[in-house]
Structure formats: C-alpha cells, structure tokens
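Student: Please show me the sequence and the model, and then let us go through the fold with a few questions.

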Amino acid sequence: MRRGAIVRIAGIGIVIAIICLLVAFLINWLPDSASEQMNRIEDVYWFATFICIGIFSLVMSVLIYSVWKFRSPPEDESDGPSIHGHTGLEIVWTVVPAVLVIAIGILSAVVLSQNGSAGTNPMTIKVFAQQFSWRFEYPGSNNLKSFELVMPVDRNITFQMNSADVIHSFWIPAMGQKQDLVPGIKTSIVITPTRTGTFTLVCTELCGLGHATMRAPVRVVSQAAFGAWVKDQQGSSSGSADAAAVFQSAGCGGCHAFTPAGSKGAVGPNLDNVASDAKKAGEDPAAYIRESIVDPNKVLAPGFAAGVMPGNFKDSLSAKEIDALVTYLSEAKQ
Ligand code: CUA
C-alpha cells in the first residue's frame, strides 16, 4: 500500500516535470547568446530553472495525490485528525531549500565576478549617453567617434560609461550585461562578443519622453573587418556626413517633430516651422539653426524652456555633422 502510494506520487511528479521541461526547452525564452557573459548568465538561469522544476514537481505531485486520494465523500462532515508538528519534516523542508538557495547564491556570485573581469589587454570603448542618443568613442584611434557600436568578435571589451544629463541604462539583450549610466559617476561593464552579426543597444532606464527611441545599432565583425572599419572611418572624415542619419542617431527626433525625418517628438519646437521661428527671432534660418544646435539656450522658441536641450552637441557632433544638419533643416520644404 505504502509503496503503491510512492509509485503513484512519483508517476505524477515525472509527468509534471516532463511538461515543465518541454515548456522550458521548446519555447525560446531568451535571445540566442552572443557573448561569453550571456553564456554564463544562461547557466545561472538554467540552474535555477531545474531546481524550480524539481521542487514544483515534488510539491504538485504530493498535492494532486492527496486531493485525489484523501478527499472526503460529500456526506462526511467530520473534522480531520489534529496533527501537531513533525520535527523531522520541518528539518528537511528548512535544510533543503537553504542548501538550494545557497547554491544559487554561490553560482551567481562566481558568474558576477567572472562577468566583471576584463581579463588581459581589454579594448576600451567610451560610451556617451544623453537624451536621447548614444555615442561611442574608440580611444587610441584619433578619437574616432561613431553612432554605431562596432565591435571585433572574441575580444574582451570594457565599456566606460558617461551620461551628460540623467540616468540611462546600457543593454544589448543578446549579450546579457546591463549597466546604468549615472551623471557624475564613472560606471563600466565588460562584454566579450562570441559571434558576428547585427544587434540593437537599447536604453532600459526611463529617461524622458524620448526614452523608447533611445537605441543604437550594434555590429560585431571579424578582427580584420574591425581594423578595416576603423581605417575607413578615419579616412571618411574628409567626406560629408549623411544628414538624415545624423538626425536619427543624434536623437533629434526623440524631441522634435520633423516631417522629412518622420519624427513626431513634442519636447522641443516643431522643426517644420524652423524658418518662421528664425524670422520671428530676426535671424537667417541657417544661422538660427546652427546657433540653436551649438548654443540652444541663447535664443529660445516661444513656449519652450531653457536647459531642456542638451548643450553639448558642439562637442558630441563633428563640425561636418553640424553642417549637414544645418543644410538638412534649412533646405527642407517648409
Ligand atoms: Cu535613455 Cu531611457
């Protein structure tokens, strides 16, 4: 009789465990890992998931068996037997969860420490965040700046984070690591990409009205292609910038409506009206636009407050990019 009960409980438990494992494995819960750090984070997830499935199956099998086996017939109004305490059982259900939670804690601490280590000879990329754009600077390469994050595969990369205004958060889902960028504090994070491809960097800290638009393209390429890209970027500093791309990547559309760019931001003045705003301020449109980018608080469009538009675009954008934006905005059909 007793053995029969254990066999039935075990049978129910195995069925539940199989269903849980199928749900865990057959559905793609996480993006395909693209970094060493994400591989380790996935190890922790799976470790915790297997423990959860084991405990869940055990509890549910005993529960289902008891409901089925010991249910009272409809006419039975009597109370059940009064049972008070069971020291052995209490020790087991205290010690087992304690051991499991400590095991998860130790594994997490090991992974956290490994994921924070940059190893030997890491490459350093500086990250600059501001409402609502990302910019990357590659040291040791003539201050090469880019709106696109390009990384060589299989290289330890340390990101040094800077925020110009509020708290943002750096996250490439397929690479796992996530780090806040806090004004006034230097934060950093390590990523070692394991496969080439294109990804997206998203801001995961609510940082204002344009938060949802604060994204940047990410590309992981071979070591050779990375070297070629750096050379190409340095060479292209003599060419002209693509204004629409600058408008997009500098985050202008997060705050400004501008029909040619398809943006609808309402934090700052509508740029479809920039020529008439310039006329009201008594200035030539091109000069007015340039001044508004470089020194946004000097002349304010009516109804808009000072200090809202970041004042650092003269540093974060190259002269060529500012020229391109001025032409783009002043030549658009009004
Ligand atoms: Cu930056 Cu959200």
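The questions below concern a sheet, its strands, a surface patch and the nonpolar cores.

Tutor: This is a predicted model, in which local features need pLDDT of at least 70, side-chain atom pairs count only at pLDDT 80 or more, and totals for chains, interfaces and linings use all residues. Residues are numbered from 1 along each chain as its sequence is written, and side-chain values use heavy atoms, with hydrogens and water left out.

Student: In what order do the 5 strands of the open sheet lie?

Tutor: Strands are DSSP runs (E, at least two residues), numbered from the N terminus. Two of them pair if DSSP finds at least two bridges between them. The pairing in this open sheet is mixed, and the order is E3-E2-E1-E5-E8.

Student: Which strands stand at the edges?

Tutor: An edge strand has a single partner strand, so one side of it is left without a neighbour in the sheet. This applies to strand E3 (144-146) and strand E8 (187-191).

Student: In which sense do E1 and E5 pair?

Tutor: Strand E1 covers residues 123-130 and strand E5 residues 157-163, with 7 bridges between them. Thr124 has Thr158 as its bridge partner, and Ile125 has Phe159. The sense is parallel.

Student: How do E5 and E8 run, and which residue in E8 stands opposite Gln160?

Tutor: E5 and E8 are joined by 5 bridges and run antiparallel. The residue in E8 opposite Gln160 is Ser188.

Student: How many residues of E5 are buried?

Tutor: Buried means under 20% relative accessible area, exposed over 50%, and partly exposed in between (1.4 Å probe, protein chains only). E5 is mostly covered, and of its 7 residues the buried ones number 6.

Student: Which residues touch the most other members of the largest nonpolar core?

Tutor: A nonpolar core is a set of buried Ala, Val, Leu, Ile, Met, Phe, Trp, Tyr and Cys residues joined through side-chain atoms within 4.5 Å. The largest one has 37 residues, and those touching the most other members are Trp134, Phe159 and Phe170. Among the elements that give two or more residues to this core are E1, E5 and E8.

Student: How many residues are in the other core?

Tutor: This core lies apart from the largest one. Its members include Phe313, Ile322, Leu325 and Val326, and its size is 23 residues.

Student: Is Ile18 in helix H1 buried or partly exposed?

Tutor: Helices are DSSP runs too (H or I, at least four residues), and Ile18 is found in helix H1. Its relative accessible area is 45%, so Ile18 is partly exposed.
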